[in-house]
Every structure is written in C-alpha cells, then in structure tokens.
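Q: I would like to learn how to read the features of a model with some care. Could we go through one together?

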Amino acid sequence: MSNGSFPPESGRRGGTLAIVLAALIPACCVAFWLLSSSPGGSKDDDADGGSGSTAPSASSPSPSSPSATASPASGKPLQGKVVVIDPGHNPHNRDHPSQIARLVDIGTNEKECDTTGTATNSGYAEASFTLDVARRVRTALEARGATVRFTQDGDRPYGPCVDERAEIGNTAHADAVVSVHADGAAAGQRGFHVILPKSVRGGGADTSAITAPSRLLGERLRSRFAKATGSEPAQYIGDGSGLDVRGDLGGLNLSTVPKVFIECGNMRDPQDAAELTDAAWRERAGRGIAQGITDFLNE
C-alpha cells in the first residue's frame, strides 16, 4: 500500500476483544450488585426496614450520643426537689394590726401571729425587701428544676401567721425551707446571719429530727451568701460565726422539715441599707441563697 500500512489481522484482534469483554462483563455485574446492596446504598433499604445493619442518619443520634440518652430534665440538678421560700412579714400587715397581734401557739409558748417587720431610715420596708429577694431565689431554683412554693407572694391581706408558715412547709414535705428577712438592729451593727432551730420539745414543737440537717442548710447558706454578696457575718450576734440558734421562733419550732431564717443585713445601718436597697445587690443575694440551697440538696 502507498501509506506503508499493513492490512488488519481481523481474526486475531476480534478474538482478543471477545475475550476481554467476556472477562469485564461479569466483573461489572458483580461491582453493580455490591454497590446496590451495600449498607445505606439504597433508599429502599431504609423504607423496608430490612434486618441488615444500617448506618445512623444525621437526624437520628446514635445510642451512645448524649442527646440519645439524656432525659428532658438533664442539667436540672434540683429536679424532683421541693423548696418552700418564706418571705418574712407581709407588705399589708400594717393595715391589719389587730389580726397580726393575736397570739398563736408556737409549741413552747404563744407569740404574735406576725409583725410588720422593720424598715430602712428612708422607709424601704423589710416586707418589700423579702418579697423581692424571695422572687429572685425562686427564679434561680426553678431554672435548676426545683418546685418552689411561697408562704405568701404579696397576695394575702396579711400574714400568714407564723404557725401557718411552718405548716405550709410541713404540708409540702419540703426538702428545704428558707425564711428571708432583714434585721432591725442598731446603727453600726452590720452584716448577715442565719438563724438555726434549737432542739426544743413541748406542746406541738419537736425539732429534734431537723436540728442537724437545718444546721447543714444554714452552713451552706452562710458560705454561699457571703461569697455572692461580699457581705461579712454579723459581729453583733452569734459570736461572729454568722450562725445563731434560737428556740423562740414559731416558724422554726413547729417545722418538721429542714428550715432556717436568713437575716440578710441590718436595715437600720446606713451602709447595710445602701446594699439592701440596691437591686443589683439583691440579685446577688438571691443567687447566693439559691446556691446555698442547691449545695444542701445535692449533699
């Protein structure tokens, strides 16, 4: 040929091609079968719920992931706990002098149903202070999963009386009760203190079962309140320990569950009053009380 090429060897090349195709076709079929039957390789596998193992989808967390095992209440350290907060006095007590002056049984003797409480020199009432702080405590505790009940929320004409305040905590089977107050000592006497129940027994009072856990609650409150507010324990009571034991308070005498009072500061002292009337300080006080309760309940 003029181009110098050789004619094709048709028989030899055709045979070779047939052999190659014969080898490739089965391999391709095997590969296709493997791809179509591999886990997750077909949407039909998810639809028919086959017994074969399938890879977890992005929308379905694996059993070992936190979201698969965590309960809705995860991160709620006080879930299932009941806390009663007792805001001392009542803003309306002053309008009902005869009702709050009547005597009630506190187990060891009788005392007035309630009092008006004290106030700062500028007229900021203890009853207003206690409600404000108590509400801040409630917000913090509920965020941690606790069930919080109040003895009063400014929604009663007066009181309740001290015996009823104790009964509210008892009936609720509270895990802890804290009565929020502020003191009315002389000017120059500063600081906070926590009042613990004395071991008393008489009449309807028997605190023998709650004195030990109440002390523990009080110690946790003392520590956390001081840290949160920067306040020092009162030097004019309790030998500067920040703890005072009393057997003359109906709210403690008649309690059958762990309970303490906290006197957050002295309303009659100008320096303490400046803190007690400051909303930012009251927020820190509420957090400190809530953390003290949390520590106690997580013991």
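Q: Let me begin with a single residue: does His173 count as buried or exposed, and at what relative accessibility?

A: His173 has a relative accessibility of 64%, and because anything over 50% is called exposed, His173 counts as exposed. This residue lies in the loop that runs between α6 and β5 (176-183), and although His173 is not a glycine, its phi is positive, at about 50°.

Q: What is the general expectation for phi and for peptide bonds, and which phi does His89 have?

A: The general idea is that most residues other than glycine have a negative phi, and that most peptide bonds are trans. In this structure His89, which is not a glycine, has a positive phi of about 65°; His89 sits in the loop between β1 (82-87) and α4 (97-101). With a relative accessibility of 9%, His89 counts as buried, whereas His173 counts as exposed.

Q: Which two residues are joined by a cis peptide bond?

A: The cis bond is the one between Gly159 and Pro160, where omega is about 10°. Pro160 belongs to the loop between β4 (147-150) and α6 (162-171).

Q: Before going further, how much confidence does the predictor place in the protein chain, as an average pLDDT?

A: The general idea is that where pLDDT is low, the predicted coordinates should not be read in detail. This is a predicted model, and the protein chain averages a pLDDT of 82, with 75% of the residues scoring at least 70. Over residues 1-73, however, the pLDDT is below 50, and this stretch has 14 contacts in the model beyond near neighbours in sequence.

Q: What does the secondary structure of the protein chain come to, and what share of the residues is buried?

A: The protein chain has 10 helices and 10 strands, and of its 299 residues 38% are buried. The accessible surface comes to about 15700 Å², and carbon and sulfur atoms account for 54% of that area. As for contacts between residues at least 6 apart in sequence, 78% of them join residues at least 24 apart.

Q: How are two packed helices described, and how do the axes of α7 and α10 cross?

A: The general idea is that two packed helices are described by the angle between their axes and the distance between the axes. Here the axes of helix α7 (residues 211-229) and helix α10 (residues 279-297) come within 7 Å and cross at roughly 145°, and the crossing is right-handed. Among the residues that meet are Leu216, Leu217, Leu221 and Phe225 in α7, and Trp281, Ala285, Ile289 and Phe296 in α10. By residue type, the contact divides into 11 nonpolar, four polar and four charged residues.

Q: Is Arg165 buried or exposed, and which residues does Arg165 touch beyond those up to four places away in sequence?

A: Arg165 is found in helix α6, and at 4% relative accessibility Arg165 counts as buried, since the limit for that label is under 20%. Leaving aside residues up to four places away in sequence, Arg165 touches Asp86, Pro87, Gly88, His89, Asn90, Asp114, Thr151, Gln152, Gly159, Pro160 and Lys259. The list thus includes His89, with its positive phi, and also Gly159 and Pro160, which the cis peptide bond joins. The C-alpha atoms of Arg165 and Ile85, 80 residues apart along the chain, are separated by 9.8 Å.

Q: Where along the chain is Ser122 found, and what separates its C-alpha atom from that of Arg268?

A: Ser122 is found in the loop between β3 (110-112) and α5 (126-143), and with a relative accessible area of 68% Ser122 is exposed. Although Ser122 and Arg268 are 146 residues apart along the chain, their C-alpha atoms are separated by 9.6 Å.

Key:
Residues are numbered from 1 along each chain as its sequence is written. This is a predicted model: local features need pLDDT of at least 70, side-chain atom pairs count only at pLDDT 80 or more; totals for chains, interfaces and linings use all residues. Side-chain values use heavy atoms; hydrogens and water are left out. Helices (H or I, at least four residues) and strands (E, at least two) are DSSP runs, numbered from the N terminus. Buried means under 20% relative accessible area, exposed over 50%, partly exposed in between (1.4 Å probe, protein chains only). Contact means heavy atoms within 4.5 Å. Accessible areas come from the Shrake-Rupley method with a 1.4 Å probe; for residues, only the protein chains shown count as cover. pLDDT is the predictor's confidence in each residue, from 0 to 100. Axes are lines fitted to C-alpha atoms, for helices over the stretch in contact, and angles run from 0 to 180 degrees between N-to-C directions. A crossing is left-handed if the near helix is turned anticlockwise from the far one by less than a right angle, and right-handed if clockwise. Ala, Val, Leu, Ile, Met, Phe, Trp, Tyr, Cys and Pro count as nonpolar, Asp, Glu, Lys and Arg as charged, and the others, Gly among them, as polar.
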